[in-house]
Amino acid sequence: MQEDRKTTDALHSDAARLPRPDRRRIMTVANQKGGVGKTTSTVNLATALAVQGLSVLVVDLDPQGNASTALGVEHQSGVPSVYELLLGNVGVADVAAPSAQSERLACVPATIDLAGAEVELVTMVAREARLREALTPEVLDELDYDYVLIDCPPSLGLLTVNALVAAHEVVIPIQCEYYALEGLGQLLNNIDLVQSHLNPSLGISTVLLTMYDGRTKLAEQVTAEVRGYFGERALRTVIPRSVKISEAPGYGQTILGYDPRSRGSMSYLDAAREIAERGTERETA
């Protein structure tokens, strides 16, 4: 594991070190539509930030545990996980496991136990804020993370609401395919509701276009439509359609560890750099 971290960081040592943000950035990566590259973008952006010098925590809030798999973190039933964190039985320091992808990257894993968490949370006090209560500034200051990225399940249930309440920013991955914006209105409406009633500091800061195939007119049309709607919140960098990006999680790796010199790897490095350079002063809405 240690060798994997050293190799990944060394291969990207020529990348410019990114500036630390003025204040910690907590970013929820959300889209209730499946297959848009949400988890893939979470783990690869997190790794890209880490190999460029920043300290990053990934919170896997999807019962499928795919982010935990890609980051090489154990998440079988019985492993201390985000489930226990939501119940208040453990602290972040007790469940954050180091990732094989970078020595500056850690992950709070998700186990199958999380599948029943939404039912259990319903009866709890402040059920929408359980994750925020666990990710207090004091706890994160002690652990010294620059970024916290939260991976959501492909739904708009209580787990996703917890992720939105805990975050400062929302990152929305959108695939360059037919019906790319279908259902997005429901997500935007939920973000507005959370902002109005539970988390006034929440805003959409970043939209990331994924699965881009520059050979097709469709990709150009979707890109133009997304940029027209979201404006400067849409990153200039797009993530290409890539078989290797899809293969990497099967080997317990991100694309940066699986094929560090690939177009996909370089694209995520560029996207992470763009996010870091934008900082937190950008107006969000």
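Is Cys 107 buried or exposed? Let us work through this and a few related exercises together.

This is a predicted model, in which local features need pLDDT of at least 70 and side-chain atom pairs count only at pLDDT 80 or more, while totals for chains, interfaces and linings use all residues. Residues are numbered from 1 along each chain as its sequence is written, and side-chain values use heavy atoms, with hydrogens and water left out.

**Exercise 1. Classify Cys 107 and Cys 152 by burial, then decide whether they form a disulfide.**

Step 1: Recall the cut-offs: buried means under 20% relative accessible area, exposed over 50%, and partly exposed in between (1.4 Å probe, protein chains only).
Step 2: Cys 107 has a relative accessible area of 0%, so Cys 107 is buried.
Step 3: Cys 152 is at 1% relative accessibility and therefore counts as buried.
Step 4: A disulfide is a covalent bond between the sulfur atoms of two cysteines; here the test is a pair of cysteine sulfur atoms within 2.5 Å.
Step 5: The closest cysteine sulfur to that of Cys 107 belongs to Cys 152 and is 13 Å away, too far for a bond. Cys 152 is thus in no disulfide, and the count by this rule is zero.

**Exercise 2. Describe the setting of Asp 94.**

Step 1: Find its element, with helices (H or I, at least four residues) and strands (E, at least two) taken as DSSP runs numbered from the N terminus. Asp 94 belongs to helix 5, residues 92–95.
Step 2: Check the surface: Asp 94 counts as exposed because its relative accessibility is 55%.
Step 3: Look for a partner: the Asp 94 side chain comes to 2.8 Å from the backbone nitrogen of Gly 91. That pair can be read against the polar contact rule (N or O atoms within 3.5 Å; within protein, one able to donate a hydrogen and the other to accept it, and residues adjacent in sequence counting only if both atoms are side-chain atoms).

For contrast, take helix 9 (residues 158–166), where nine of nine residues are buried; among them are Leu 158, Asn 162 and Ala 166.

**Exercise 3. Examine the salt bridge between Arg 241 and Glu 177.**

Step 1: Side chains of opposite charge can pair when their charged atoms come close. The rule used is a side-chain nitrogen of Lys or Arg within 4 Å of a carboxyl oxygen of Asp or Glu.
Step 2: In this pair the closest N and O atoms are 1.8 Å apart.
Step 3: Place both ends: Arg 241 sits in the loop between strand 8 (234–240) and helix 12 (243–247), and Glu 177 in the loop between strand 6 (169–175) and helix 10 (184–197), so the pair links distant parts of the chain, 64 residues apart.Step 4: Arg 241, at 43% relative accessibility, counts as partly exposed, and Glu 177, at 25%, is also partly exposed.

**Exercise 4. Compare the ends of the salt bridge between Asp 213 and Arg 215.**

Step 1: These side chains meet at 2.9 Å, N to O.
Step 2: Asp 213 is buried, at 17% relative accessible area, whereas Arg 215 is exposed, at 75%.
Step 3: Set the pair in context: the structure holds 13 salt bridges, and a network of them links Arg 20, Asp 144 and Asp 146.

**Exercise 5. Judge the compactness of the whole chain.**

Step 1: Count the elements: there are 14 helices and eight strands.
Step 2: The radius of gyration (over C-alpha atoms) is 17 Å, close to the 19 Å from the globule rule for 285 residues, so the chain is as compact as a globular protein of that length. The rule is 2.2 Å times the number of residues to the power 0.38.
Step 3: Add burial: 56% of the 285 residues are buried.
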